[in-house]
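Colleague: Could you take a close look with me at how the helices pack in this model, and then at the unusual backbone spots in the loops? I would love one connected walk-through.

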Amino acid sequence: MLQIQDVIRAYLPAIVFVVLGIGLGAVFASLNSVLGPKPKHARRATAEPYESGLPSEVKKTMRFGISFYLVAMLFILFDIETIFLFPVAMQLKAFGTFALIEISVFIVLLFVAFIYVWRRGALEWK
Amino acid sequence: MTGLLAQATTKGPPINWEALSPFIALVAGGCIVLLVGLARSAFIRRQVVPVLTLLTLGATAGLGVWQWDINEGIVANAMVVDNLTLALTMIFVAGGIAAVFLSWRSIASAEAGEGEYYALMLMSILGMLVLVAANDLVVLFIGFELLSIPLYVLCATHMRREQSLESGLKYLIIGSVGSATLLYGLAMLYGAAGGTNYGDIAAVAAEMADDTLFMVGIGLVLAGLAFKASVAPFHQWTPDVYEGAPTPVTGFMAVATKAAAFGVIIRLFVGPLIDATTTWAPAFATLAVITIIVGNVGALGQSSLKRMLAYSSVAQAGYMIAGVVVTTQLGIAATVFYLAIYVVMNLAAFAVITARERETGLGDDISSLYGLGRDRPFLAWPMTIAMLALAGFPVTAGFFGKIYLINAAVNNGYGWLGVVIVVGSAISLAYYLRVVAAVWMREAPAASTSLSAVPIMAGGSPEGDEAAYAAGREPGADVGRVVSEDFGEPSIITSGPRISQPEVIFVAVFCALVTIAFGVYPEPLMDVARDAGEALQSLR
């Protein structure tokens, strides 16, 4: 038969976690309004989620070219994949032929992706 | 330090290239298909690319047969290629081949680009293979994502149709929640076991069975995999996604994804977690009951065939859990057997839906089947056989599938689960027979009563596009024409013109024949399933 204290003890970490989480969150949320600077007149820019001094020039609903997104995403993809090449390049002698073959396979796959992206016209600015 | 590192890693992990060959075939095939799909020629894109996809799948299956009975860990024991992996590979390949045939003239593959469409399908199958071969938590997760991400895209390939996009987005969001849950669970298992290899987990499973961390890990992993297998109460996405996705993709998803999800459930739960059975089996058995009830009751009121099959797939998942919870080789064999016949039963139904979707303007509504029995025997019989098999009628493979599952359940003290399966099947008759009745006992609507369908067509509806595309015209090209015509003589009537689509009818008839063949003589398939069950040697 489990004693009620045992049950509470078993759940103590979880209870502490929840109480701390709620407590800390509440404290920080309220501290901000107590200690934070209060402008005499509320400005438009201060209500924005990412205010950094200057009021934004464009509306939130502004449409921008999908090419920005595409190029940025492709850049990140290829950029991150080149990171994998560095450690292997540094230690190639130690790793031996196996690593060379592995990284060649990796580069071939990367190259396939590159050809695909290029031929599909994703690199052309439209 | 560097010297030590160098010494330790000079040799790569031992790789059995022969056992790895089915995986390599899929990777290479996927790359080739993607690149060939870039060709400008419409002939190459529309005909050569699907053929290359079929060749890749055929090669994968052939290499799998070649490696039969290998049963060993490959790539430093991170993956296991045994008869269970290979039997499931055959199921994935079968689902993939049927999906290629169904997609051949589909508008979805043309809109997304054939190269991308088929390459994504191959990558998804590769993910399934990796998933069921995984012997390591990290590999498991890679396989899980490789399976899921192409499917999210495939669901949305019918790009000009809002429902398809909605389906893809829904699947992406809910699938990501499932992935996150799974990943959290895997992290906890790793934390409890101190290693990611299944061997490390198996070593501690017995003593950790009551450990909170371990139990939470098992629970979260269970929930994450239940999302993929559409086990209630994690099934809510299933009807919406199945309905919105292009029908060939739905068919592929219904059979192959389910097989993959059950493959990994078997591999993980009946593998390293076998010593913690007392922890997870009651939960799993409860889920089975909930799933059977929710699936069967949910399917009753559906008029969309794809939604109905979605709920039916939920119910079938419930039946198959019964084969997993008993944790015997017999149970695993029964589950693999059921998965295999589930593929053919479902694909026959999806092939007929695809065919009718192209011929009529009714989409996947049950009324698209009206009057099939009288003038379209090659569509009517496969649908009838598929429905009867799903319900578990004798002389169809579905009967033996259920017999084996119930037998396995009863043999290991889960008699009550067997009873639930029987009750569930009884409920399921209501909606399966409704389809059969629609095929045989309803008249095809005459041209005069089909007027209401014409304005929908005239609006350039997706189904109209699908029909037009399959008939060889450009999508949307007939929009103006139908509008300008006198409504008294609609050019496309509801019962639909016959469109030449031999490959779809071939899939329907072939799957129906296989369903009957294994219903009369199930021994060959049962032998394969038994081999798969015996791959898990820790079991009785």
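Modeller: Happy to; here is the helix packing, followed by the loops and the domains.

First, some ground rules. This is a predicted model, in which local features need pLDDT of at least 70 and side-chain atom pairs count only at pLDDT 80 or more, while totals for chains, interfaces and linings use all residues. Residues are numbered from 1 along each chain as its sequence is written, and chains are lettered from A and ligands numbered from 1 in the order in which they are written.

Let us start with helix H4 of chain A, residues 97–119, and helix H2 of chain B, residues 17–36, whose axes lie 10 Å apart at an angle of about 20 degrees. Helices here are DSSP runs of H or I with at least four residues, strands are runs of E with at least two, and both are numbered from the N terminus. Axes are lines fitted to C-alpha atoms, for helices over the stretch in contact, and angles run from 0 to 180 degrees between N-to-C directions. H4(A) and H2(B) are therefore roughly parallel; that label covers angles under 35 degrees, with over 145 roughly antiparallel, 65 to 115 roughly perpendicular and the rest oblique. The crossing of H4(A) and H2(B) is left-handed, a term used if the near helix is turned anticlockwise from the far one by less than a right angle, and right-handed if clockwise. On H4(A), the contact is made by A:Val112, A:Ile115 and A:Tyr116, and on H2(B) by B:Cys31, B:Leu34 and B:Leu35. Contact means C-beta atoms, placed from the backbone, within 7 Å. By class, this gives six nonpolar, no polar and no charged residues; Ala, Val, Leu, Ile, Met, Phe, Trp, Tyr, Cys and Pro count as nonpolar, Asp, Glu, Lys and Arg as charged, and the others, Gly among them, as polar.

H4(A) also packs within its own chain: its axis and that of helix H2 of chain A, residues 66–90, come within 11 Å and cross at roughly 165 degrees. That makes H2(A) roughly antiparallel to H4(A), and this crossing is left-handed. From H2(A), A:Leu74, A:Glu81, A:Phe84, A:Leu85 and A:Val88 meet A:Ala99, A:Ile103, A:Phe106, A:Leu110 and A:Val117 of H4(A). The class count is nine nonpolar, no polar and one charged.

Now the loops of chain B. Most residues other than glycine have a negative phi, and most peptide bonds are trans. B:Asp69 has a positive phi of about 70 degrees and sits in the loop between helix H3 (42–66) and strand E1 (72–74). B:Asp69 counts as exposed, with 9 C-beta neighbours inside 10 Å; the cut-offs are 12 or fewer for exposed, 20 or more for buried, and partly exposed in between. In the H3–E1 loop there is also B:Ile70, partly exposed with 17 such neighbours. Beyond four places in sequence, B:Ile70 is in contact with B:Ala19, B:Val81 and B:Asp82.

B:Thr327 has a positive phi near 45 degrees, in the loop between helix H14 (305–325) and helix H15 (329–359), and is buried, with 23 other C-beta atoms within 10 Å. A cis peptide bond, with omega about 5 degrees, joins B:Ala232 and B:Pro233.

Finally, an automatic or database domain assignment gives chain A domain 1 (4–47) and domain 2 (66–119), with C-alpha centres 44 Å apart.

Key:
Two residues are in contact if their C-beta atoms, placed from the backbone, lie within 7 Å.
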